[in-house]
Structure formats: structure tokens, C-alpha cells
There are 2 protein chains.
Amino acid sequence: MCPKSTSPCGGGTVETVTAVREAEPADDALVGQLLHDFNTEFGDPAPEPLWLARRARELIQGGETVVLVVGRPPAGLALLRFRPALWSPGTECYLAELYVRPSLRGQGLGEALLQAAVATARHRGADYIDLGTAETDTAARGLYEKLGFRNRENRDDGPIMYVYEKDL
Amino acid sequence: MCPKSTSPCGGGTVETVTAVREAEPADDALVGQLLHDFNTEFGDPAPEPLWLARRARELIQGGETVVLVVGRPPAGLALLRFRPALWSPGTECYLAELYVRPSLRGQGLGEALLQAAVATARHRGADYIDLGTAETDTAARGLYEKLGFRNRENRDDGPIMYVYEKDL
């Protein structure tokens, strides 16, 4: 079987497109481009790709951010933020961004990124991960729910949890 | 006028109950108790007050957490987490906890804490603040909306934003 591969099955070693890894400095330009394209696609203002590339590298070097990429060159990314938890001695993880290029969706890249994000969070001592998403992002919501994320408090029929935000 | 004061108006200096300040080490025991009582009230598991007091102090000393308290001794708190933003050179603020003792609600303490939280966030260079809350927390939601927080993406009639979470 050769699931979720963009390369034909057959002889030789084929790197499946779903291989997820931590972004290296050589990936930075494309990480910046992906972040820029992400916000542009959703109608949000975005700094220039080069600025975002530098900012993401700064955050990674700060030690509390991990950027995971899928594909070589990167065609999607997950950006995770960590901090010490309040309610436990562990850390908590915020999945700040999850993006796959539109032309490559439906091939499992988002799921591979999300699975890797959860594994990375566990590996870094997190006992909790959360994220915010819009009600209209049904594909993303389906993926989150498939991997056990819930948007209801405490129990499956608990109240829905909202993000409230404010620009300062 | 003597708004929102628990003391009668009149001569002398009256400290209104809505005076908000950063928690000092001397407040730690009550901060831990408030955090414990917060989660207990909402049916969430909570570590012991003393453990929470120590943890909150550790986070404050780490430099990326601020605890604001209202009242002397503290009768309510706001706990803010900061980190460098991805999309701007500034910081972003997460209002992790906002709590007022049940017997003291309806007197403006929550609003005073929220206003102080927003001011503190701005003072620390944040250009964005967010929080998560449940659909059933109508009093809290009304307060957030009164102070300009929105749970819709980009515009007032945009899609609702959900928190998704997962224990690891």
C-alpha cells in the first residue's frame, strides 16, 4: 500500500508527502510564505513573507514555539506555542496555526500535521492542547473532532466553548 | 458619587472594592484559594490551594504571567499570560482566568478586573487579547461584549469562533 503519497508506488524509497518534521532554517522562506498565504486566503491582514519567516525563526529560537512542516519543500505547517500550565506541573500547548496549501488538501496532510502536533505536545510535557477555529471551517473541525478534540466544556453534551478576542 | 463601593459614602478616604492591583506575595494564599474555588465552583478538578498559590507565584516570577486582584483581601482575580505575537512585533495576551467570589458579584468587580486586564495588556505591549468562555456563562459573555470583545471572526456578522481542546 502507498497511502497518501503523491509519488507513484513502486520500487525504491518513496518519501510520502505526509512525512512531518520540525522546520529547519532552510525551510524558513517557505514557512513565511505559507503563513502569509494562510492569512491572505482567509481575508486577514498578513505581514510580508520574509518578515514572517524571520519572526517564526525568532519564536523557534525563543524555545517556546515549534513549527512542523509537511512535504519537502513544505506544503503545509503547524505552529505550536508552549508555556507552563497553571493547573498542573506540566506545560500546555496552543495550536496557533494549521495550514495546508489549497491544491494539496484532501490527501491527509492536515491530519498528519495534527497527529504530529499532538505527539510533539506530549513529547514536550504538555497535558493539554487547545486551538481556536471558526464554525465555518467544517473540514478543519471534522479533523479536530476525528482526533479527539472537543468544543464542549467538560462533557460531550456540555456547553459550547467560544473564543472571545479584542484588538488592542 | 461613590460608585461600586462597599463602604458608605462620606468623610475620610474610602478604598472602593473595585481597586485592582497586581498580586503581591502576601496575596498568594488567597490567590491559590480563589483559583481552587473557581474550578470547584465550575465542577473542574483543582489542585490544592497551597499548590496553586505556589504555582501562580512561579509563573509570575517567570515573567510572562500577571495576576491582578481586586479587594483587600482579594475577592477576585484575573490571570493573564503573555507571549511574543506571531503576526506582529508586539506581544499577545491570553486572559486565562477571571473570577469573582459568588457573594460579591454584581458590584462591578469583574468589570474592574477586565478593564485592568486590558490596560495591563496594552501596557505590556500586547496588541491582541483573547480568552475562552462557555456559551452558558452569560454574565461573563455580557461583560466581555460590553468591553468590546467579540466571538465572531473578522466582523460582527462573521462566523462564531470555537475553542477546541484535548487532554493529553
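A disulfide is taken here as a pair of cysteine sulfur atoms within 2.5 Å. By this criterion, the predicted model holds zero disulfides over all chains. Cys93(A) takes part in no disulfide, and the nearest cysteine sulfur, that of Cys93(B), is 19 Å away. Seen from the other chain, the sulfur of Cys93(B) has its closest cysteine sulfur in Cys93(A), and because 19 Å separates the two, they are too far apart for a bond. A disulfide is, after all, a covalent bond between the sulfur atoms of two cysteines.

It is also worth asking how these cysteines sit with respect to solvent: is Cys93(A) buried or exposed? Its relative accessible area is 2%, and since buried means under 20%, Cys93(A) is counted as buried. Cys93(B) is likewise buried, at 2% relative accessibility.

The arrangement of the two chains comes next. Two copies of a chain are related by a rotation about an axis and a shift along it. In this model, a turn of 180° with a shift of 0.0 Å along the axis lays chain A on chain B, with an RMSD of 0.0 Å. This is therefore the relation of a two-fold axis. Which residue of chain A brings its C-alpha nearest the axis? That residue is Tyr162(A), whose C-alpha is 2.2 Å from the axis. The interface follows the pairing of the copies: the same surface serves both, and 100% of the contact residues of chain A recur in chain B.

Some backbone features deserve a closer look, beginning with a proline. In chain A, the peptide bond that leads from Arg72(A) into Pro73(A) is cis, and its omega is near 5°. Pro73(A) belongs to the loop that links strand E2 (65–70) with strand E3 (76–84) of chain A. In chain B, the bond from Arg72(B) to Pro73(B) is cis, again with omega near 5°. Here Pro73(B) falls in the loop between strand E2 (65–70) and strand E3 (76–84) of chain B.

An asparagine provides a further point of interest. Asn154(A) is a residue other than glycine, yet its phi is positive, near 70°. The residue is placed in the loop between helix H4 (138–146) and strand E6 (161–167) of chain A. For Asn154(B), phi is positive too, at about 70°, although this residue is not a glycine. Asn154(B) is located in the loop that runs between helix H4 (138–146) and strand E6 (161–167) of chain B.

How values were computed
Residues numbered from 1 in each chain as written. Chains lettered and ligands numbered in written order. Predicted model: local features only at pLDDT ≥ 70, side-chain atom pairs only at ≥ 80, totals over all residues. Heavy atoms only, no water. Helix = DSSP H or I, 4+ residues; strand = E, 2+ residues; numbered from the N terminus. Least-squares fit on C-alpha atoms with pLDDT ≥ 70 in both. Contact = heavy atoms within 4.5 Å. Buried < 20%, exposed > 50% of the residue type's maximum accessible area, 1.4 Å probe, protein only.
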